[in-house]
Structure formats: structure tokens, C-alpha cells
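This report is written for a reader who has not met this structure before. Please look over the sequence and the model before reading on.

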Amino acid sequence: TTGQRDRRFHFVRKQQTFRMSTFRNILPSWNKDCTKHVYVRPPPWSDSLPTIYTITPTYKRYVQKADLTRMSNTLLHVANLHWIVVEDSKKKTTLVQDLLKKTGLNYTHLNVHILQKLTSKGSGQRNLALKWLRDNISVNDSNAGVVYFADDDNTYSLELFDEMRYTKKVSVWPVGFAGSVRYESCKVNELGKVYGWEVKASPNRTFAIDMAGFAVNLQLILSKSDVNFRLFNISHGKQETRFLKDLVTLSDLEPKAANCTKVLVWHTRTSAPPQFRSFGDPNIET
Ligand SMILES: *[C@@H]1O[C@H](CO)[C@@H](O)[C@H](O)[C@H]1NC(C)=O
């Protein structure tokens, strides 16, 4: 039931010498060879780079298509990225299905709907993505990789993906506009070790970090096969710390983004559209 696409994208060798930049639209050679799909061209897959498994829970709302479009445009710049999109829905929607197909990204499309009201939205979806990884990739595989939980309403710097790609266990970095402050971050000592958290909300958590602020080595996820997000009896803001406690200790953490001094991801939320929501043709997706 997964819509996994062909891993390899058949670029002509010489095209790889072009920087994958935003200007590629106007390069005459791109236009000549890639006119069929105007925006379907992630960077070529490389056998030497670890894969970034990006897990994104999503749900139907007014700004869903706008958010997913913006996010997919970011991911199209990232080499060796596999996007696991998990809908909170009883069935896969055509909106998400069509959008994923058009991106040209290497993706897996899943869905699960949990009836009970959870304190932590997205946990059921994230757990299904973890199950997919454990079911589809063997712990003995030599495939290096990293797992990142990336919600569809954030803004991601491209540098962030370079920072996380070689995560050995768990890497961490600051998150902008999280926890009701300008940014939340990790405290790093002179030895380059994380020893605490620069946060306002519940600073005594072992891992006082936002979902967007860490990535986990794929082998660690696969080897600790019973580690999942809690669906019940977990208070708001404790989901990340519970999850990470089962995987690592504080001394295992690898601080990224210049020892946690650079913000490379932001909790930018898209505001709901203006009035007159019932205006117009309901068949036109927005
Ligand atoms: C991080 O801090 C350590 C220890 O002070 C230092 O050796 C290292 O160069 C720093 N890394 C960066 C990227 O600033």
C-alpha cells in the first residue's frame, strides 16, 4: 500500500555539474531535457550519502496543500531524502496522493486514523512510519540513514539536512519560535557536550527538546524496535523526552548547527485563510 517511487533519477551525467539551484528553471539545457515535468527533479541519488528518512504526519485542514507544497519544494533540494508522509485519515486522500506523485520525490504514503483524542497529535502517525521503517529495512542492512520527524508546518533551512545526515546516535539543534520563546536550544559546554536546555517550558525534562530539534540514526531506530511514541498517559510537551530517554543518554547527544548556536528550523505556522470559507467551487483544492 505504499507508493514508493523509483529511487534513482536518470539525469544525464553532464547535468550534474550544474548546481541544483533555484535558477535551474531558466537554464536552457534544463528546459531542453526536462520539459515534461517542470518541477519534478530532486537531486540525483548518490550511493555514498546516508538517506534522510523524513517522517511527516499530516491532516486535512485549510492550509494543508499550501504547507505540503512549500515543504516538498524544500525537500526537492535535498539529496538522498526519503519522505514518509502519514495522513491522519481513514483513507489516503487524493489531495496528498496527487501532490506526492507530482513532486518526483522518493516517498512512502501511509495513513492511520486513531479515534481517541490524544494529547500529542501525530504520535500515531509517527509510530506507523517507524513500523514501516522496521518492516522494510533490515537492521543488518548496510544502508546508512537518519530519521527526522518533520512536521509540515515548519520552515527548514537546507543546511539543516547537511547537519543531521551523519548522525551517529541522536543529533540536536535549536528550533525557532518553539515553546513560546524566540528559540529553544541546547546548552553545550567547552568540551562540545550537551549538558542542558535553554528553554522556558518545563526546563527539567531530561530532553527538553522539540520534535523538530533532533534526528536519530536509522540503525538505532531499527535495533531498538520497541521504542515508539506514547499515545496515552503522556502530557503535552513530554512526548520527545520520553521517546529519547528510551534511545540515548544526555552524553550521547551530538550538538549540531555550530554547537547549537544557529537556528536552522522554525515553527512557522500558516495562518488560516480569511473569511468566506464557503465561497466558490468546493471541488477546487486550495
Ligand atoms: C563546538 O565546540 C567544541 C568545544 O568547544 C569545539 O571544539 C568545536 O570546534 C565547536 N564546533 C563548532 C562547529 O563550532
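The sections below go from the whole chain to a strand, a helix, an annotated residue and the ligand shell.

## Overall make-up

The model is a predicted one. Its chain has 286 residues, and 35% of them are buried. Eight helices and 12 strands are found in the chain.

Taking contacts between residues at least 6 apart in sequence, 77% join residues at least 24 apart.

## Strand β4

Strand β4 spans residues 145-149, and five of its five residues are buried. In a regular strand the side chains alternate between the two faces of the sheet. In β4, Gly-145, Val-147 and Phe-149 point one way, while Val-146 and Tyr-148 point the other way. Both sets are buried.

Two strands pair with β4. Strand β1, residues 51-58, pairs with β4 in the parallel sense over five bridges. One of the bridge partnerships is between Ile-52 and Val-146 of β4. Strand β10, residues 214-217, runs antiparallel to β4 and is joined to it by three bridges. Here Val-147 has Val-216 in β10 as its bridge partner.

## Helix α3

Helix α3 covers residues 94-103 and contains Val-96. Is Val-96 buried or exposed? Val-96 has 22 other C-beta atoms within 10 Å, and therefore it is buried. Not counting residues up to four places away in sequence, Val-96 touches Thr-58, Leu-68, Val-85, Glu-87 and His-109. Of these contacts, Leu-68 is 28 residues from Val-96 in sequence, yet the C-alpha atoms of Leu-68 and Val-96 are 8.3 Å apart in space.

The buried residues of α3 are Val-96, Leu-99, Leu-100 and Thr-103. They lie on the same side of α3 because they cover an arc of only 95 degrees around the axis. An α-helix has 3.6 residues a turn, so residues three or four places apart point the same way. The face of α3 turned away from the buried side carries Thr-94 and Asp-98, which are exposed.

What covers the buried residues of α3? The cover includes strand β1, helix α2 (64-75), strand β2 (81-87) and strand β3 (106-111). Strand β1 also pairs with β4. After α3 comes Gly-104, which has a positive phi, near 80 degrees.

## The annotated residue Glu-240

Glu-240 is covered by the annotation "active site" in an unreviewed UniProt entry. In the model, Glu-240 is found in helix α7, residues 239-245.

Why does Glu-240 count as buried? The reason is that Glu-240 has 21 C-beta neighbours inside 10 Å, and the cut-off for a buried residue is 20 or more. Leaving aside neighbours within four places in sequence, Glu-240 is in contact with Phe-207, Ile-209, Asp-210 and Met-211.

## The ligand shell

Which residues surround the ligand? They are Glu-190, Leu-191, Gly-192, Ala-258 and Asn-259. By type, the shell around the ligand divides into two nonpolar residues, two polar and one charged.

Terms used: Residues are numbered from 1 along each chain as its sequence is written. This is a predicted model: local features need pLDDT of at least 70, side-chain atom pairs count only at pLDDT 80 or more; totals for chains, interfaces and linings use all residues. Helices (H or I, at least four residues) and strands (E, at least two) are DSSP runs, numbered from the N terminus. A residue is buried if 20 or more other C-beta atoms lie within 10 Å of its own, exposed if 12 or fewer, and partly exposed in between; C-beta atoms are placed from the backbone. Two residues are in contact if their C-beta atoms, placed from the backbone, lie within 7 Å. A residue is near a molecule or strand if its C-beta atom, placed from the backbone, lies within 6 Å of it. Ala, Val, Leu, Ile, Met, Phe, Trp, Tyr, Cys and Pro count as nonpolar, Asp, Glu, Lys and Arg as charged, and the others, Gly among them, as polar. Two strands pair if DSSP finds at least two bridges between them. The arc is that of the directions from the helix axis to the C-beta atoms. UniProt positions are given in the numbering used here, feature names are shortened, and annotations may be inferred rather than shown by experiment.
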